[in-house]
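Reader: Hi! Could we go through this one together?
Author: Happy to. Here it is, and then ask away.

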Amino acid sequence: MNLTEKEVRHVARLARLAISSTELSEATQALGRVLDYIDLLNELNTDAVPPTTHVEAIETVWRQDRVVPSLSPEAATANGPQVSSQMFVVPKILDRGEE
Amino acid sequence: MGMIDWDAVQTAEHVQRGEVSAVECIEEALLRIESTNPTVNAFLHVDGEGALAKARFMDHNLTREAKANLPLAGVAVAIKDNMVTTDMPTTAGSKILEGFRSPYNATVVELLERAGAIVVGKTNMDEFAMGSSTEHSAYGVTRNPWDPNRVPGGSSGGSAAAVAARMVPLALGSDTGGSIRLPASYCGVFGIKPTYGRVSRYGLIAYASSLDQIGPLARSVRDLARTLHLIGRHDEKDATSLDVDTIPESPIPTALQSLRIGLPEEYFGEGIDIRVRTLIEKTLDQLRESGADLVPISLPHTRYAIATYYLIAPAEASSNLSRYDGVRYGLRVAGDDLIHMYQKTRQEGFGSEVKRRILLGTHALSAGYYDAYYLKAQKVRTLIRQDFDNAFAQVDLIVTPTVADLPFKLGERDLDPLQMYLTDIFTVTTNLAGIPGLSQPVGLVDGLPVGLQWMGPPLSEDRVLSAASALEAILPPPEWPLSGGIQE
């Protein structure tokens, strides 16, 4: 199956990757080859086959709703690239001009 | 035989009896790491001071009786760098996690430490466990201790190389499509991927959650058994962890005469290096001579396994890796706005193979393609599982080569991702089916190791380990690399 650079650019945007134009052409080629190989699966008629989402037969796992020790706010935010008053700082997401 | 040759069980026994101290065991490992790691690059991080402090504590504060209750007393272990540790950084081989320090330990780390093991360091790996050669690490390649111009296999290449080069007797790896067994085979050590759910994944950095499983690499079958006995426990912190009996601490002696072993024709066809085939067939003859009943079987959907895997694993990965967004941990690269910050962070933080798999997985899950790709792969996964169900109705265990060839040269498969992906063709099926698989070294050809793979039904690790132990007993003791570019 042929994959276009436009499609890969769309997928990169969905995946939040700012790939360069060199990477784009490389990725388009590499993914095209992998998808060609994956076409192999179309040899099989799977209309009547149920999917395996998971190998275990377990259902929703329940636990007691009890309070147990957990991370302190300091420990939980210690790896943050930008932290203020135990909160993660991010670029603003609301634009004042849009009201 | 010196300390360097001891397996984990032997090491622990000596410490328990007070014949050597834990400090001596750790010093031995650190010396060996110092002399061999500059060539092999198995370790990303070594915490010698921390490990020695723990060993000193054990020597000074624990009574003989207390040590006798520690099944891995004083054993130096290496942990693949995708299992989180509070005492050392965890990077998963990625630049995006450079400097990350986990606020908690993976369950497997807790269980090993509770058993007296001492973690000396974290091992190199393909970034986020995506690879078959340990060349896709942001921190340099790991080299095969048998021949430093060749890859150790991957993605747990650092763990396998550390055990083969006798830097440590024991290491943990993780296996999503063969990432324990392939490097075990290429480095000539033992490695087992347990049944999905046997070992808690709490604290394992997720690659493909429905396939990932942690397991040990070691230089004897009994070490695999003892370690899996200790780490194969139910864990409330992992909802997929199975609440089943743990396996016995030692392999239960089994007569090979009692075993019916299947040889799947699809794993013995074309494409196998003739030298690998010859040695595997010689080993099969030895099994036959010892009375095992070897019967031909068929796993007809084997040829679809790689295609199935390369839809399911990247799809799950694309979702799992969305957490690396520069907000809560790891790298952040400033951008004009939030989305731009995400894009630049991920662009700079991820390596090319990781990006490739994120793109592939995102494509397979995107609108209009889900049914054609992801759902289709899940259906074929059912057929692959059914192959094994049918096979295990006829046989107790299955034996195959672990990998079709010998360790390849560094850079040899770099340019063609698809060829790299096909390296996993004999190992990936057990992940899709969720069953245990063990790679056992069966000898050398042209100075390079060959591995044989055992596969068993779900939760049959005790049977797999017993059979491997019986084979271990009739084979000459495995060799370890002495020179091969790495001098003592």
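Reader: What radius of gyration does chain A have, next to a compact globule of 99 residues?
Author: Chain A has 23 Å, whereas a compact globule of 99 residues would be near 13 Å. Do keep in mind that this is a predicted model.

Reader: Sure. And what does the C-alpha trace of chain A span along its principal axes?
Author: About 55 × 45 × 30 Å.

Reader: How much of chain A is buried?
Author: Buried residues account for 16% of its 99 residues.

Reader: Which elements does chain A have, and in what order?
Author: Chain A holds 3 helices and 2 strands. Starting at the N terminus, the order is α-α-α-β-β.

Reader: Let's turn to the contact between the chains. How many residues does each one put in?
Author: Chain A gives 42 residues and chain B gives 51 residues. On the chain A side, α1 (5–14), α2 (21–38) and α3 (73–77) each supply at least two of the residues that touch chain B.

Reader: Which element has the largest share on that side of chain A?
Author: That would be α2(A), with 7 residues.

Reader: And how do the residues on that side divide into nonpolar, polar and charged?
Author: There are 31 nonpolar, 7 polar and 4 charged residues on the side of chain A that touches chain B.

Reader: Nice. Switching to chain B: what is the strand order in its open sheet?
Author: The sheet has 11 strands, in the order β1-β3-β2-β4-β6-β5-β10-β11-β9-β7-β8, and the pairing is mixed.

Reader: Which strands stand at the edges?
Author: β1 (43–46) and β8 (293–297) of chain B do. Each has a single partner strand, so one side of each lacks a neighbour in the sheet.

Reader: What about the twist?
Author: From one strand to the next, the twist averages 30°.

Reader: How do β7 and β9 of chain B run, parallel or antiparallel?
Author: Parallel: 2 bridges join β7(B), residues 260–264, to β9(B), residues 397–401. Gly262(B) is opposite Ile398(B) in β9(B).

Reader: Last one: which strands does helix α9 of chain B touch where it packs on the sheet?
Author: Helix α9(B), residues 274–289, touches β7, β8, β9, β10 (437–445) and β11 (448–455) of chain B, and its direction makes about 110° with that of β10(B). Helix α8(B), residues 221–231, also packs on the sheet, touching β4 (170–175), β5 (190–193) and β6 (213–218) of chain B. The direction of α8(B) makes about 145° with that of β6(B).

Notes:
Residues numbered from 1 in each chain as written. Chains lettered and ligands numbered in written order. Predicted model: local features only at pLDDT ≥ 70, side-chain atom pairs only at ≥ 80, totals over all residues. Contact = placed C-beta atoms within 7 Å. Helix = DSSP H or I, 4+ residues; strand = E, 2+ residues; numbered from the N terminus. Nonpolar A, V, L, I, M, F, W, Y, C, P; charged D, E, K, R; others polar. Pairing = 2+ DSSP bridges. Axes fitted to C-alpha atoms, helices over the stretch in contact; angles between N-to-C directions. Rg over C-alpha atoms; globule rule 2.2 N^0.38 Å. Buried ≥ 20, exposed ≤ 12 C-beta atoms within 10 Å, placed from the backbone.
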